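Thank you all for coming. I would like to walk you through one chain today, so please have a look at the sequence and the model before I begin.

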Amino acid sequence: MKELIELIKTGSEFLTKRVVEYAKLHNYTKYTATLEENWQASIDGLSKTLLDALEEHGAIPELNVDEDYSNDKIGYFGVKEAQLHRSRGVTLTMFLGLMKYYRQSYLDLIWEASLDRETEYKYAIFICKFFDRVEIAFCTEWTGYTREVLIKELQDANRVMTNEKNKYLTIFESIPTPVIILDSDSIIDNMNKAAMDFLKEIGQTGISVNRKNESLTELIPWISDESRAFVKAFIEGGDMEATIEKDLELPGIEPRHLVVRFQRMLDYSDKFKGMVIIFTDFTDRKQIENRLRFISYHDELTGLYNRAYFQEEMSRLDSGRYDPAAIIVCDVDGLKMVNDTLGHQAGDRLIVITAAILMQSVRENDVVARVGGDEFAIALPSVSTDGLEGICERITTAVAKHNQENPLRPISFSLGAAWGNTLNGSIDEIYRNADNEMYRNKEAARGEYKLLFDSRYAEYGDKLFGQ
């Protein structure tokens, strides 16, 4: 029997799939769950009893005329199964019919193992005697009670079911996540307190305690109008769950970012029974994510893009799709002098003013970034030489105008610009050419700014770059 023991120990998946196939084929799933996990438990129970009998006896005892089937392990298993299924309202006919297909599944396991005929016959007889003992014990237990005892047993089972129902309803109402249950016609079957509170928070009126028999369209028009096609496709499709994200903007409330999950509900025969809709408000999380994303690509002081983003932009320009491209490199003049004389807050204001002038001087699709403490860079895709010169002139003009109109905030920065086609070189080469030109212009600009700063400081003193 060692080979049979090994077959049963390793055949759990086969047995489960096979008995589910038989149950579906002969409509037993009409009254039972279709999830294989549930059937797996029953297979495990049968197999354990079968293996215990093999290890204890080596063979199944014959069916003696005066047998007390409740006194051996196989019979005891049948007795316990009778007590369990009878209390659930399962009929004797239904149970015995399904047990025949359990028996058949174990026989199939033997027949598909390619054994010799003698061994196959011996194992099949063993399986049949095992199920005979289980079924006789089951029937003996099932029919051994009076009508009054059976009625009381059903009453007790009904109380247990009612308590279980109340327990799960309590859990459902206590779930902090908004949950709505729909029937197969998308009519509200139930919703928990969190769902009612959520709908009221977003300005949904008419939410009452009696919330059944309302259509999803009537109750939540903002989700139904946008997602009607999605919900229809989900109902008609085969997916067990689906998720959509929605930015909810309704009059009188702050914008919300929602994740809406749809979970299909099936009956015992795998037919669509309805769905569960779960709403998760990710507004705070979305705001944090957006903030983190902004911080990861932006300079905190100026709000411009940072070096990391500018490097990605350089890679994009290096593809050649935006040729001809140009780079402008800008270095703030006198930042150290301002910091040393007036403090770092004054230096920060100088940086912010520089960023504003650069932003107002470029095109909408140009990328302005702060790539260092006093260094800025501008990436210009698809620009002509005349266009590049025009932007440089606008920057220079804006600086001169600023210094004329804002005597307390004198600024200056050195520019370098380069232009080219990345197919003939690289964007890095264009950047180096712009950087080199900036350094050639830097020496003279630094001296000019020192004169400007000294004259303004002599006139205004510590008022320079003040609040």
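Let me begin with a term, since I will use it throughout: when I speak of a contact, I mean heavy atoms within 4.5 Å. Please also keep in mind that what you see is a predicted model. With that meaning of contact, residues 24 or more positions apart account for 65% of the contacts in the chain with a separation of 6 or more.

As for the general make-up, the chain has 467 residues, of which 42% are buried, and its secondary structure consists of 16 helices and nine strands. The accessible surface of the chain comes to about 26,000 Å², and carbon and sulfur atoms contribute 51% of that area.

Let me turn to the interior. The largest nonpolar core has 38 residues, and those with the most contacts inside it are Leu46, Tyr102, Tyr106, Ile127 and Phe131. Two or more residues of this core come from each of helix H1 (2-10), helix H2 (12-25), helix H3 (36-57), helix H4 (73-87), helix H5 (92-111) and helix H6 (117-142), with H6 giving the most, namely nine residues. If we take Tyr106 and leave aside its neighbours within four places in sequence, we find that Tyr106 is in contact with Leu15, Ile43, Leu46, Ser47, Leu50, Ile127 and Phe131. There is also a second, separate core, which has 34 residues and includes Ile328, Leu335, Ile351 and Val399.

I move on now to a pair of helices. Two packed helices are described by the angle between their axes and the distance between the axes. For helix H12 (residues 307-317) and helix H16 (residues 427-460), the axes come within 9 Å and cross at roughly 120°. Angles of 65 to 115 degrees would count as roughly perpendicular and those over 145 as roughly antiparallel, so H12 is oblique to H16. On the H12 side, Phe310, Met314 and Leu317 meet Ile427, Asp428 and Tyr431 in H16, and the residues of this contact divide into five nonpolar, no polar and one charged.

Staying with helix H16, which also holds Ala445, we may ask whether Ala445 counts as buried or exposed. Because its relative accessibility is 12%, Ala445 counts as buried. Apart from neighbours within four places in sequence, Ala445 is in contact with Asp333, Ser412 and Ser414. The C-alpha atoms of Ala445 and Gly334 are separated by 9.3 Å, although these two residues are 111 residues apart along the chain.

Finally, I would point to some details of the backbone in the loops. The peptide bond from Asp323 to Pro324 is cis, with omega near -10°, and Pro324 sits in the loop between H12 and strand E6 (325-332).

Which phi value does Asn27 have, given that it is not a glycine? Asn27 has a positive phi of about 70°, and this residue is placed in the loop between H2 and H3, where it is partly exposed, with a relative accessible area of 44%. Ser382, likewise not a glycine, has a positive phi of about 50°. Ser382 is found in the loop between strand E8 (375-380) and helix H15 (385-405), and at 41% relative accessibility Ser382 counts as partly exposed.

Technical notes. Residues numbered from 1 in each chain as written. Predicted model: local features only at pLDDT ≥ 70, side-chain atom pairs only at ≥ 80, totals over all residues. Heavy atoms only, no water. Axes fitted to C-alpha atoms, helices over the stretch in contact; angles between N-to-C directions. Helix = DSSP H or I, 4+ residues; strand = E, 2+ residues; numbered from the N terminus. Parallel < 35°, antiparallel > 145°, perpendicular 65-115°, else oblique. Nonpolar A, V, L, I, M, F, W, Y, C, P; charged D, E, K, R; others polar. Core = buried A, V, L, I, M, F, W, Y, C linked by side-chain atoms within 4.5 Å. Buried < 20%, exposed > 50% of the residue type's maximum accessible area, 1.4 Å probe, protein only. Areas by Shrake-Rupley, 256 points an atom, 1.4 Å probe, with all protein chains shown as cover.
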